Amino acid sequence: MRMQDGLEHKFARFGAGLSVQEGTRIEGYASLFGARDQGGDVVEKGAYAQSLRRLAAAGRAVKMLWQHDPAQPIGIWEEVREDARGLWVRGRLLEEVAKGREAAALIAAGAIDGLSIGYRTVTARKDAKGRRLLQELELWEVSLVTFPMLPSARVSAKGESLEAGMLREAAAAIETARQELRRDRRPA
């Protein structure tokens, strides 16, 4: 998590559910409910619902940025919605924008495999383990990033086999569980 201009950023690797098609079409999960990130935060189901309703009512959309830089929009999120698993996004990189072309090439090469949300916390609480449970978030943007914070969500680039993607997802899940066990064993 990082704060800049009052916005918090939560990083997530593209998940097994996120894919790139035709080099520019992207869809999948930008945030997973109930998944503890490396900062100890957990996004609760329904956290984005109010924000998405407000954006729709105002005729605005969540922005697709490069590395959280508001001067570098690289595409369009055509659909952003919550489901039972998390925050699902579908959009396209703009080939007419140099950074959009670069992002497509970097994703295809496996050099970039992360998503990060830019948001403001509206409502949060701490649980018994001291984790911050994010109950309501004001979503501003979803960026393609180099270093994500939530290892359990990653990209499956064009050309990666289903087996390779599943193995990467399993390895990430094991690593996340190992880190959580280590944190839970620390004296309070």
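A network of salt bridges links Arg25, Glu78, Glu79, Arg81, Asp83, Arg90 and Arg92 in this predicted model. A salt bridge is counted where a side-chain nitrogen of Lys or Arg lies within 4 Å of a carboxyl oxygen of Asp or Glu. Side chains of opposite charge can pair when their charged atoms come close. Within the network, the side chains of Glu79 and Arg81 meet at 3.0 Å, N to O, and Arg81 also forms a salt bridge with Asp83, for which the closest N and O atoms are 3.7 Å apart. Glu79 is partly exposed at 25% relative accessibility, as are Arg81 at 32% and Asp83 at 22%; the classes are buried (under 20% relative accessible area), exposed (over 50%) and partly exposed in between, for a 1.4 Å probe and protein chains only.

By the stated criterion, the count comes to 11 salt bridges. One of these joins the side chains of Asp41 and Arg132, with an N to O distance of 2.9 Å. Asp41 belongs to strand S5 (residues 41-43) and Arg132 to strand S10 (residues 132-145), so the pair ties together parts that are 91 residues apart in sequence. Both partners are buried: Asp41 has a relative accessible area of 4%, and Arg132 has one of 17%.

The largest nonpolar core comprises 29 residues, of which Tyr48, Trp77, Leu93 and Leu144 touch the most other members. Such a core is a set of buried Ala, Val, Leu, Ile, Met, Phe, Trp, Tyr and Cys residues joined through side-chain atoms within 4.5 Å. Two or more residues are given to this core by each of strand S4 (25-32), helix H1 (49-58), strand S6 (63-66), strand S7 (69-82), S8, H2, strand S9 (114-126) and S10. S10 supplies the largest share, 5 residues. With residues up to four places away in sequence left out, Trp77 touches Ile26, Val62, Lys63, Met64, Val89, Arg90, Gly91, Leu115 and Val142, a contact being defined by heavy atoms within 4.5 Å.

Leu94 is located in the loop between strand S8 (86-93) and helix H2 (98-109). This loop residue is buried, its relative accessible area being 17%. Beyond residues up to four places away in sequence, Leu94 touches Ile74, Gly75, Ile76, Gly100 and Arg101. The C-alpha atoms of Leu94 and Ile76 are 7.4 Å apart, whereas the two residues are 18 positions apart in sequence.

At the level of the whole protein chain, the secondary structure comes to 3 helices and 11 strands, arranged along the sequence as β-β-β-β-β-α-β-β-β-α-β-β-β-α. Helices (H or I, at least four residues) and strands (E, at least two) are DSSP runs numbered from the N terminus. The chain has 188 residues, of which 47% count as buried. Among contacts with a separation of 6 or more, 68% involve residues 24 or more positions apart. About 9500 Å² of the protein chain is exposed, and carbon and sulfur atoms supply 54% of this area, as computed by the Shrake-Rupley method with a 1.4 Å probe; for residues, only the protein chains shown count as cover.

Residues are numbered from 1 along each chain as its sequence is written, and side-chain values use heavy atoms, with hydrogens and water left out. For this predicted model, local features need pLDDT of at least 70 and side-chain atom pairs count only at pLDDT 80 or more, while totals for chains, interfaces and linings use all residues.
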